Amino acid sequence: MLKLLDTHLYESKAPDSLRHLINYIARAGKYINYSLQMGDLGKAGSQNFSGEDQLALDVLADQTIMENIMVCRLVSAAVSEEQDDVAVCPSCKTGTCGEYVVAFDPLDGSSLVDANLAIGTIMTIYKGNEFLGRTGREQVAALYMLYGPRTTLVYTIGSGVHEFTLNDVGEFTLTRENLVVRDDATHFAPGNLRAVKDDAKYRKVMERWMDEQYTLRYSGGMTPDVNHILLKGQGIFTYPPQGDKYPNGKLRLLFECNPFAFLMEQAGALPWPAISPCWTLKSPNSTNVRPFTLAVSMRWRRWFRN
Ligand code: AHG
Ligand code: MN
Ligand code: MN
């Protein structure tokens with residue numbers, strides 16, 4: 001028997017408002033999925049807050065999500081990696097009518113799009129009408145959609161992590177329930193390997209993993225790379241800081257680190273650093289970056305404790 005995303009959320013006792021919001025987000029994902037197949041793969045000619053060149057698809061995905069979530073009157077404010085400012089609900093114009101705030105990375109790994117590799121959309125949802133001063137602990141839901149050979153949606157509302165696959169009639173149906181990540185990783189996904197040049201500790205741990213014949217599984221897109229760990233049930237993802245370009249790493253606390261930490265924690269992994277109260281948002285934009293390591297087994301934890 002097929003189980004729809006909406007039914008799963010209902011049976012998981014998601015509040016109706018959260019269930020509806022996730023359905024609106026899923027609808028945006030279906031349109032993004034379509035755009036990826038048919039849309040312009042070129043640059044938009046503009047830059048985002050981080051000074052990165054935007055693709056036409058970055059902009060389109062961003063607009064698609066904003067348009068879908070801003071009509072439901074459940075969101076008081078939303079912020080995206082591709083926009084400088086927080087967007088306030090257009091119907092109340094004060095950012096007070098909705099129960100939730102939503103933050104998202106519309107296209108994660110968009111530099112891979114012209115090479116036809118898998119990319120994703122990452123979303124996080126908080127109660128209330130403010131981002132500042134919030135910690136990842138306060139997330140009420142985190143999810144991502146992965147556009148690969150199949151399109152999937154993986155979500156948590158704090159009761160496990162569940163995968164849905166988009167079918168031919170445009171419904172996300174349950175494919176795997178209660179994903180679990182073990183403590184004994186033998187796969188590694190080493191982001192920003194450039195850092196080994198100056199970071200002796202990072203070089204050392206890479207050498208150890210190679211000496212121990214770990215299997216490399218790294219695509220350059222955080223969403224498919226973390227999805228690999230979640231679906232295989234083991235693995236380590238790292239993205240350390242480096243030099244003047246990325247002194248605090250590259251991955252954004254709000255859009256990337258917190259949602260994946262929540263998902264990984266819900267899958268039973270012990271992300272290091274775990275979602276920490278000190279990861280407080282000082283600004284709701286892409287300047288909030290930090291070094292990031294996920295699903296580090298007990299054995300390797302001391303390497304990344306900092
Ligand atoms: P985005 O496409 O949203 O800017 O994010 C890309 C991120 C992440 O998905 C990936 O882990 C990382 O950037 C890779 O960065 P480098 O190619 O610079 O190592
Ligand atoms: Mn990203
Ligand atoms: Mn992005």
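Me: Glu99 is a good place to start: why does Glu99 count as partly exposed?

Reply: The general idea is to count neighbours: a residue is buried if 20 or more other C-beta atoms lie within 10 Å of its own, exposed if 12 or fewer, and partly exposed in between, with C-beta atoms placed from the backbone. Glu99 has 18 other C-beta atoms within 10 Å, so it is partly exposed. Its place is in the loop between strand E4 (87-88) and E5.

Me: Before we go on, what should I know about the model and its numbering?

Reply: This is a predicted model, in which local features need pLDDT of at least 70 and side-chain atom pairs count only at pLDDT 80 or more, while totals for chains, interfaces and linings use all residues. Residues are numbered from 1 along each chain as its sequence is written, and chains are lettered from A and ligands numbered from 1 in the order in which they are written.

Me: Thanks. Which residues does Glu99 touch, leaving out those up to four places away in sequence?

Reply: A contact needs the C-beta atoms of two residues, placed from the backbone, to lie within 7 Å. With residues up to four places away in sequence left out, Glu99 touches Ser17, Leu74 and Lys127. You can also look at C-alpha distances: Glu99 and Tyr126 are 27 residues apart in sequence and 8.7 Å apart in space.

Me: How many helices and strands are there in the chain?

Reply: Helices (H or I, at least four residues) and strands (E, at least two) are DSSP runs, numbered from the N terminus. The chain has seven helices and 14 strands. Its radius of gyration is 18 Å, close to the 19 Å that the globule rule gives for 306 residues, so the chain is as compact as a globular protein of that length. That radius is taken over C-alpha atoms, and the rule is 2.2 Å times the number of residues to the power 0.38. Of the 306 residues, 47% count as buried. Among contacts with a separation of 6 or more, 65% are between residues 24 or more positions apart.

Me: What does the domain assignment of the chain give?

Reply: Domain bounds come from an automatic or database domain assignment. Here they are domain 1 (5-176) and domain 2 (187-305), with C-alpha centres 22 Å apart. Across the boundary, 37 residues of domain 1 are in contact with 27 residues of domain 2. On the side of domain 1 that touches domain 2, the elements giving two or more residues are strand E5 (100-108), strand E6 (119-127), strand E7 (139-147) and strand E8 (151-156). The largest share, five residues, comes from E6.

Me: How many nonpolar, polar and charged residues are on that side of domain 1?

Reply: Ala, Val, Leu, Ile, Met, Phe, Trp, Tyr, Cys and Pro count as nonpolar, Asp, Glu, Lys and Arg as charged, and the others, Gly among them, as polar. The side of domain 1 that touches domain 2 has 18 nonpolar, 13 polar and six charged residues.

Me: Now the interior. Which residues touch the most other members of the largest nonpolar core?

Reply: In soluble globular proteins, nonpolar side chains tend to be buried together. A nonpolar core is a set of buried Ala, Val, Leu, Ile, Met, Phe, Trp, Tyr and Cys residues joined through C-beta atoms within 7 Å. The largest one has 88 residues, and Val75, Ala78, Val102, Leu143 and Ala295 touch the most other members. Helix H6 (residues 253-266) gives the most to this core, with nine residues. Both domain 1 and domain 2 supply at least three residues to the core. Beyond four places in sequence, the contacts of Val75 include Leu21, Ile69, Tyr100 and Val102.

Me: And which residues come nearest to ligand 1?

Reply: Near means that a C-beta atom, placed from the backbone, lies within 6 Å of the molecule. Ligand 1 has 13 residues around it, of which Asp108, Gly109, Ser110, Gly221 and Met222 come nearest. The shell divides into two nonpolar, seven polar and four charged residues. Domain 1 and domain 2 each give at least three residues to this shell.

Me: Last one: where is Asn178 found, and is Asn178 buried or exposed?

Reply: Asn178 is in the loop between strand E10 (172-176) and strand E11 (187-190). It counts as exposed because it has 12 C-beta neighbours inside 10 Å. Its phi is positive, about 55 degrees, although Asn178 is not a glycine. Asn192 also has a positive phi, near 45 degrees, but Asn192 is buried, with 20 other C-beta atoms within 10 Å. Look for Asn192 in the loop between E11 and helix H4 (200-211).
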